[in-house]
Amino acid sequence: MDIIKVLKKAEFAKNIDDSTLHKLKQNIEVCHFNKDEIIIHQGGKFDSIFYIYQGSVNVLSTPHSSSNQKTQIIAEIGENCTFGESALFEEEVTATATISAKENITLCKIPLIHLKKIKQNNPELQLPLNI
């Protein structure tokens, strides 16, 4: 997988030059999840953006353990989309829903700390998100 080509499809990376993308590439982890595998639990801390390279995920509403309600699928996120970007707006963000693999998927996990450094070192960049 050519990470640079993959990143260029991502909305958050469209305004980042190739040199900076190559630096970011060093910190990206390519992750594979099997169908129904949990990627992040509701209440878990987001410290990365996840870019869906291949496959899709389900966004699940998980009721409190004292509730008799069942877990429900409230959304689906597909290829070339991201999740976890809300963590860019605040210091401590917890997942408001559980994210699970709808099928076998490949994600790029991009640590927020590295995206924030890119913005600090390149204030002229107009990243689509408020980093």
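This report walks through the sheets, an aromatic cluster, one buried threonine and the cysteines of a predicted model.

## The sheet with order 1-8-3-6

Let's start with an open sheet of 4 strands, lined up in the order 1-8-3-6 with antiparallel pairing. Its edges are strand 1 (29-33) and strand 6, and each of these pairs on one side only. Helix 3 (residues 112-121) packs on this sheet, where it touches strand 3 and strand 8. The direction of helix 3 makes about 50 degrees with that of strand 8.

How many bridges join strand 3 to strand 6? There are 2 of them, and the two strands run antiparallel. If you want to find the spot in the structure, look for Tyr-51: its bridge partner in strand 6 is Thr-82.

## The sheet with order 2-7-4-5

Another open sheet also has 4 strands, this time in the order 2-7-4-5, and here too the pairing is antiparallel. Strand 2 (38-40) and strand 5 (72-77) sit at the edges with a single partner strand each, so one side of each has no neighbour in the sheet. Going from one strand to the next, the twist averages 35 degrees.

Take a look at strand 4 (residues 57-61), which is joined to strand 5 by 5 bridges, with the two running antiparallel. Along this pairing, Val-59 stands opposite Ala-75 in strand 5.

## A cluster of phenylalanines

Now for the aromatic rings. The structure holds 2 aromatic pairs. Phe-46 and Phe-50 make an edge-to-face pair, with 6.5 Å centre to centre and 65 degrees between the planes. Phe-50 also pairs with Phe-83, but that pair is stacked: the rings are 5.0 Å centre to centre, with 10 degrees between the planes. This stacked pair links distant parts of the chain, as Phe-50 lies in strand 3 (residues 48-54) and Phe-83 in strand 6 (residues 82-83), 33 residues apart.

Put together, Phe-46, Phe-50 and Phe-83 form one aromatic cluster. Are these rings' residues buried or exposed? Phe-46 is buried at 8% relative accessibility, Phe-50 is buried at 7%, and Phe-83 is buried at 4%.

## Thr-106 and what it touches

Over in strand 8 (residues 105-111) you'll find Thr-106. With 7% relative accessibility, Thr-106 counts as buried. Which side chain does Thr-106 meet in a polar contact of 3.1 Å? That would be the side chain of His-32.

Leaving aside residues up to four places away in sequence, Thr-106 touches several others, including Met-1, Val-30 and Gln-54. Cys-31, Tyr-51, Ile-52 and Tyr-53 are also among them. One of these, Tyr-51, is the bridge partner of Thr-82 from earlier.

## Two cysteines, no bond

Last up, the cysteines. A disulfide is a covalent bond between the sulfur atoms of two cysteines. How many disulfides does the model have? The count comes to 0.

Why is Cys-31 without such a bond? The closest cysteine sulfur belongs to Cys-108, and it is 8.2 Å away, which is too far for a bond. To count as a disulfide, the two sulfur atoms would have to be within 2.5 Å. From the other side the story repeats: the closest cysteine sulfur to that of Cys-108 is in Cys-31, at 8.2 Å. As for their surroundings, Cys-31 is buried with a relative accessible area of 11%, and Cys-108 is buried with 0%.

Technical notes
Residues are numbered from 1 along each chain as its sequence is written. This is a predicted model: local features need pLDDT of at least 70, side-chain atom pairs count only at pLDDT 80 or more; totals for chains, interfaces and linings use all residues. Side-chain values use heavy atoms; hydrogens and water are left out. Buried means under 20% relative accessible area, exposed over 50%, partly exposed in between (1.4 Å probe, protein chains only). Two strands pair if DSSP finds at least two bridges between them. Axes are lines fitted to C-alpha atoms, for helices over the stretch in contact, and angles run from 0 to 180 degrees between N-to-C directions. A polar contact is a pair of N or O atoms within 3.5 Å; within protein, one must be able to donate a hydrogen and the other to accept it, and residues adjacent in sequence count only if both atoms are side-chain atoms. Contact means heavy atoms within 4.5 Å. Rings of Phe, Tyr and Trp (its six-membered ring) pair if their centres lie within 6.5 Å; planes under 30 degrees apart count as stacked, over 60 as edge-to-face and the rest as tilted.
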